[in-house]
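Here are my notes after going through the model you sent. They are in numbered points, so you can reply to each in turn.

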Amino acid sequence: MEYLLLLISTSLVNNIVLVKFLGLCPLMGVSGKLSSAWGMSLATAFVLTLSAFLSWLIEHWLLEPLGIEFLRILSFILIIAAVVQFTEITMRKLSPLLHQSLGIFLPLITTNCAVLGVALLNINEGHDLPQSLMFGLGSALGFMIVMVLFAGMRERLAQASVPTLFEGTPISLISAGSLSLVFMGFSGMF
Amino acid sequence: MMLLGMGRFRGGVHPKTHKLDSRELAINTDVPLPPMLYLPLGQSTGDDALPLVEVGDRVLKGQKIARAGSRMSANLHAPTSGIIKDIKPVTMPHPSGLPANAIWLEPDGQEEWCELTPPADPYQLPHDELAGLVEEAGIVGMGGAIFPAAIKLRQGRRFEIKTFIVNGAECEPYLTTDDRLMCERAKEIVEGTKLVRHIIEAYRAVIAIEDNKPDAIKAIKEAAAGVGSIEVVIVPARYPMGSAKQLIQAVTGLEVPAGKRSNDIGVLVHNVATVYAIQQALTLGKPLISRVSTIAGNCTGQPQNLEALLGTPISHLFDVCGGLESKPARLLMGGPMMGQVLTTTDVPLIKGSSGLLALTQKEVNEHVPSPCIRCGKCVNACPMGLLPLEMARSSRQDDFDNAQEFGLRDCILCGSCAYVCPSHIPLVQYFEYAKGELRDRRSEADKLTLTKQLMEARNERMEAEKAAKLAAKQAKKKKDKPKRAAAEETSDSEATAAVAEGETES
Amino acid sequence: MSSNTSLGGASPHAHDRSGVNNIMFNVCLALAPVTAWGIFLWGLPALMMWVLCLVSAMAAEAFCLYLRQQPLSRLTDGSAMLTGWMLAMTLPPWCPWWVAVGGSAFAIIIGKQIYGGIGQNLFNPALLARIALLISFPVPLTTWIDPGVSPSFADAISIVFGQGPLSLANADAFTGATWLGDSKAAVKGGADMLEWLGANYSLHNGFVGQMRGSMGETSALLVLLGAAWLMFRRIISWHIPVALLGTLALLALVSSHTQPERFAGPMFHLLSGGAMIGAFFYATDYVTSPTTKQGQILFGIGAGAMIFAIRSWGGFPEAVAFGILFMNALTPLIDRVTKPRVYGRNRRGEAVAHVSAQRRVN
Amino acid sequence: MLTATLVLTLLGLALGTLLALAARYMAVEDNNPMAKEIEQLLPGSQCGQCGFPGCGPAADAIATGEASVTCCPPGGRALAETLAKMLDIDLSTLGESPEPLLATIDESLCTGCTRCYKACPTDAIVGASKQIHVVVSEACTGCKQCVDTCPEDCISLHTPEVDLTRWHWHKPEAA
């Protein structure tokens with residue numbers, strides 16, 4: 001039950017994108033089409049969960065015993081980069097079309113602050129291993145929800161006759177802001 | 001479940017019928033001969049008919065003057081006796097206002113019939129021969145589909161037809177031609193139904209009439225009473241009941257699967273007027289040379305149902321009805337829901353002209369379109385279950401694949417969506433545009449494939465020529481005819497090219 | 001005789017005479033009874049606030065149309081007026097002028113025109129403005145007035161254009177929380193819901209509209225009257241409201257049965273706050289709700305569930321706006337998955353299977 | 001310091017090895033299969049209207065993005081759209097694609113020299129030696145090769161006329 005609450009809380013109430021404002025780059029970059037948003041969120045979810053898990057292991061089994069916590073960010077980024085590379089290689093093999101449509105945004109998961117953010121938050125909040133896993137999974141789920149929701153909105157935005165001044169990213173940011181207002185409604189839950 | 005579906009289809013609208021003006025008036029068969037008849041060669045689907053007469057010939061009433069240009073087109077007959085004045089283009093009754101070739105026939109006022117050879121007893125003839133007689137008479141779908149009736153009969157013979165439906169729904173506002181035809185010529189229609197049923201050996205023949213035509217229902221019921229085995233089914237008046245797919249659903253509860261014909265589910269539909277024409281052809285031997293048409297609209301002096309000769313200029317018909325009282329906001333051929341705009345009254349009556357309307361701005365109620373508010377009224381009105389708002393939006397952005405996906409491929413262009421749209425968006429025009437563009441794309445793609453085939457053929461030929469030249473060079477030493485081989489190759493490939501051209505045309 | 005006519009467009013050449021302005025006018029008409037009731041309960045400040053919202057919304061629309069070089073005649077479609085009106089209905093009756101004007105401007109500019117104007121927005125403009133105001137200015141947005149307090153003209157001016165109701169000397173005497181806020185605070189403070197209901201809640205007052213709340217949300221009776229008119233004119237259908245209120249009532253019924261000391265019953269949920277007006281007027285907004293019937297039912301269920309969840313566990317006492325806006329965001333996806341079945345095709349879009357009529361051998 | 005260096009080196013090595021393994025098992029053979037697919041879509045008439053020596057080089061250029069998907073007039077809009085979809089390009093940003101053209105022979109000037117007939121890559125010109133040649137519009141791609149070879153300058157290109165079968169409603173003006 002505690003884990004379920006953690007899952008809901010991280011995915012909706014403390015949504016990584018709309019409440020913590022992490023990972024906005026792919027939100028703006030890849031949410032133009034539902035299919036690629038879905039692919040991107042799957043890839044990010046995979047990286048996010050796996051790296052949250054791995055970084056916890058590194059932190060508690062390697063850095064802490066050796067007393068070299070100052071290497072945390074460096075080694076976490078190393079982990080994330082490796083996981084992203086692995087994802088990219090796999091995706092290129094299994095789904096070349098998706099690989100092409102995601103383009104540069106796939107390797108850019110490495111610099112997605114949501115991924116590093118979750119790994120670091122896990123350490124800061126002193127989560128144990130299952131908690132970290134749930135936190136990673138919940139954040140990934142939240143990311144997916146927002147990506148898919150936002151992709152649906154973007155598809156409609158693409159057809160709206162938005163004034164030229166606001167076309168593209170501005171209107172997307174305004175919509176994301178509005179969506180984040182709506183997500184404020186979840187605040188105070190749990 | 002089937003019973004629950006009876007008499008129903010999804011969506012639909014109830015437009016104001018405006019039929020009161022003309023429904024009580026008997027068909028006026030007394031239209032004076034116009035000074036000239038213009039008979040377009042393209043009055044059916046398929047290629048233009050090929051003229052069988054030359055300028056200066058005298059033709060008799062009912063004489064065949066042009067033969068079907070391809071399998072999908074129909075013969076053309078002289079509506080009256082007279083002299084062929086010319087074969088040259090006239091403005092067509094078509095929104096484009098473009099011209100097309102027509103036979104110009106000057107009536108001599110004699111009304112001299114050619115020799116008619118009706119079969120003594122049509123029921124004694126083989127089925128195929130009967131279909132042949134229908135084909136000879138140049139009969140096409142007179143509800144506006146202008147598809148040759150004989151082809152439908154022949155297709156019907158290849159399937160086990162369980163239900164033959166005579167379409168007497170006439171759901172378009174203003175039009176009362178089928179209504180009057182059923183009231184006044186019920187016997188002929190019942191006889192025609194019997195004949196078609198005989199030709200396609202249908203198990204069941206149904207004459208379907210909307211419940212807002214009590215007189216027609218009464219007349220047909222009386223006429224059918226003595227005949228037996230012909231049912232009269234009363235369907236609720238709702239647009240587009242007269243669309244074949246919707247009528248089939250209302251009468252049988254079945255849906256025609258997407259991409260299939262009604263034959264595939266054992267149903268065949270013919271319009272009342274078509275059935276009447278078939279009866280005229282098979283019992284009297286008369287070809288299709290005239291049709292009943294409703295002349296109406298508030299700009300028309302006295303709305304009427306006229307039986308007029310094909311090729312009569314419609315300005316002449318409006319004159320018979322008291323002329324145009326004011327400049328019409330919209331001049332239409334067909335009903336207001338699916339009819340085509342005419343650019344001028346100087347166009348001839350053709351086989352598919354079920355009505356000629358001169359409407360005022362008030363009747364059309366056209367407004368400047370405003371943006372879509374996504375109210376969903378079009379979705380509810382669509383009898384096909386499509387998403388007209390999304391189709392129009394995709395079409396506007398030239399995203400035709402998406403438009404197809406949202407339902408353009410299944411759209412019957414009935415106009416129910418545009419009729420209810422509070423934003424007055426010309427939805428149907430978007431669909432017509434998208435369908436037209438898709439047609440263009442398809443023909444372009446076809447051309448590309450053809451080009452590629454031709455290319456390959458040519459490359460092969462070039463290779464062969466090269467090889468032949470090489471062989472010839474080597475053979476030269478032994479002195480031989482050098483170029484014959486290459487020349488033969490050339491003529492061969494010419495033949496293949498010609499064959500390929502022929503394929504694309506058909 | 002020949003006569004050339006203007007070409008005109010493709011078919012159809014007939015129309016049922018409906019129009020956008022006609023729809024907007026009817027919605028305004030349906031809102032009139034609750035508005036009149038609100039003005040009756042809270043007097044001049046409410047009237048001023050309502051007028052301010054209408055005028056500033058239309059001014060903002062005119063400004064945007066001017067900037068976007070669109071015909072000012074678009075103003076006559078009535079949508080801007082309706083947006084202002086709908087915003088007024090969600091505001092506390094005595095809120096200061098800048099809330100009304102700023103909210104209307106936000107609703108029209110950020111909520112609607114920035115997306116390209118009517119029909120293009122993703123969120124209901126009035127509700128978006130309302131929650132933006134709520135989050136930015138919580139105090140004036142949660143100052144609720146006792147019903148039946150009618151100030152003098154001078155007081156009204158100073159309330160609306162001055163320091164707001166709280167500046168009045170005896171403000172505590174006639175302000176307080178809504179039922180939803182009150183009950184939530186009470187339960188949080190350890191009180192028993194049943195006891196609270198017994199002491200404060202009256203079914204009659206809730207139905208007729210004798211309670212604190214936003215200007216348009218008090219009287220369920222008058223909302224229903226307006227809704228009946230809209231349904232009679234076939235402007236809204238039953239799908240969204242029934243699904244929304246049904247879900248809300250069902251969840252309340254189940255939870256109040258299992259934990260009566262913690263959760264209030266269905267009638268309380270339906271009659272308090274903006275549930276009624278939200279379900280009939282805001283959730284049914286054409287632009288931001290699904291177009292198909294199935295989609296509308298999904299939309300209603302989702303909104304109802306969200307409203308119940310936030311009311312019961314969330315930080316805000318009222319959740320109708322949040323619930324509806326969340327479903328607004330989901331609408332594009334709902335529209336994607338709920339397409340009607342096409343004639344001659346199954347739900348997946350494949351041609352329906354048919355018992356093939358036998359081919360004859362001829 | 002030493003531990004830190006060692007740990008990082010080891011970590012890097014371990015992850016590197018894993019990735020190398022992954023790359024090996026997940027290797028993708030063909031690097032750019034696009035060019036081949038595109039070449040199959042192109043008309044293959046090698047007409048050179050795109051500015052490339054033939055359809056093969058044009059396909060390479062399109063695949064790498066050097067050439068626009070609208071560069072092929074014989075392919076028309078249909079081809080441009082297929083290509084745009086394949087390469088995930090928004091066609092509307094590229095402006096109008098060129099109209100397809102058709103060749104016509106001025107019969108009063110034609111001498112029947114058969115040069116155009118030999119030059120035509122799609123055999124769209126028929127007619128024997130010393131007879132007036134005719135263009136079969138169904139097969140003509142408007143590639144201009146006949147125009148270039150004609151010694152009498154009697155071949156011209158024109159956009160096909162709209163007739164009843166090709167006419168369709170124009171797009172309504174946007175609301």
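1. Let's begin with contact range in chain B. Take contacts between residues at least 6 apart in sequence: 71% of them join residues at least 24 apart. Keep in mind throughout that this is a predicted model. For chain C, the share of such contacts joining residues at least 24 apart comes to 73%.

2. On overall make-up, chain B has 16 helices and 16 strands. Its radius of gyration is 26 Å, close to the 23 Å from the globule rule for 506 residues, so chain B is as compact as a globular protein of that length. The C-alpha trace of chain B spans about 95 × 60 × 50 Å along its principal axes, and buried residues account for 56% of the 506.

3. Chain C has another mix of elements: 16 helices and 2 strands. Its C-alpha trace spans about 95 × 60 × 30 Å along the principal axes. Of its 362 residues, 56% count as buried.

4. Have a look at helix H4 of chain B, residues 177–184. With 7 of its 8 residues buried, this helix is largely enclosed by the rest of the structure, so don't expect to see much of it from outside. The buried set is B:Thr177, B:Asp178, B:Asp179, B:Arg180, B:Leu181, B:Met182 and B:Cys183.

5. There is an open sheet in chain B, with 4 strands in the order E1-E7-E6-E3 and antiparallel pairing. Strands E1 (37–40) and E3 (58–59) stand at the edges with a single partner strand each, so one side of each has no neighbour in the sheet. Strand E6 (residues 82–91) and strand E7 (residues 99–107) of chain B run antiparallel and are joined by 9 bridges. If you want a pair to click on, B:Asp86 has B:Trp104 in E7(B) as its bridge partner.

6. Which residues touch the most other members of the largest nonpolar core? They are B:Val134, B:Ile220, C:Met49 and C:Leu325, in a core of 326 residues. Helix H1 of chain C (residues 20–67) gives the most to this core, with 20 residues. Domain 1 (20–33 + 120–291) and domain 2 (377–435) of chain B both give residues to the core, so it lies between them.

7. For a local view of that core, try B:Val134. Leaving out residues up to four places away in sequence, B:Val134 touches B:Ile139, B:Ala149, B:Ala150, B:Leu153, B:Ile278 and B:Ala281. A second, separate core has 17 residues, including D:Ile38, D:Ala59, D:Ile62 and D:Leu79.

8. Now the contact between chains B and C: 66 residues of chain B are in contact with 44 residues of chain C. On the chain B side, the elements giving two or more residues are helix H9 (314–320), strand E14 (330–333), helix H14 (416–420) and helix H15 (427–476). By class, that side of chain B divides into 33 nonpolar, 18 polar and 15 charged residues.

9. Last, chain D. It is divided into domain 1 (34–94) and domain 2 (102–158), and the C-alpha centres of the two domains lie 26 Å apart. How many residues of each domain are in contact with the other? There are 7 from domain 1 and 7 from domain 2. The domain 1 side of this contact has 4 nonpolar, 3 polar and no charged residues.

Notes
Residues numbered from 1 in each chain as written. Chains lettered and ligands numbered in written order. Predicted model: local features only at pLDDT ≥ 70, side-chain atom pairs only at ≥ 80, totals over all residues. Rg over C-alpha atoms; globule rule 2.2 N^0.38 Å. Buried ≥ 20, exposed ≤ 12 C-beta atoms within 10 Å, placed from the backbone. Contact = placed C-beta atoms within 7 Å. Domains from an automatic or database assignment. Nonpolar A, V, L, I, M, F, W, Y, C, P; charged D, E, K, R; others polar. Core = buried A, V, L, I, M, F, W, Y, C linked by C-beta atoms within 7 Å. Pairing = 2+ DSSP bridges.
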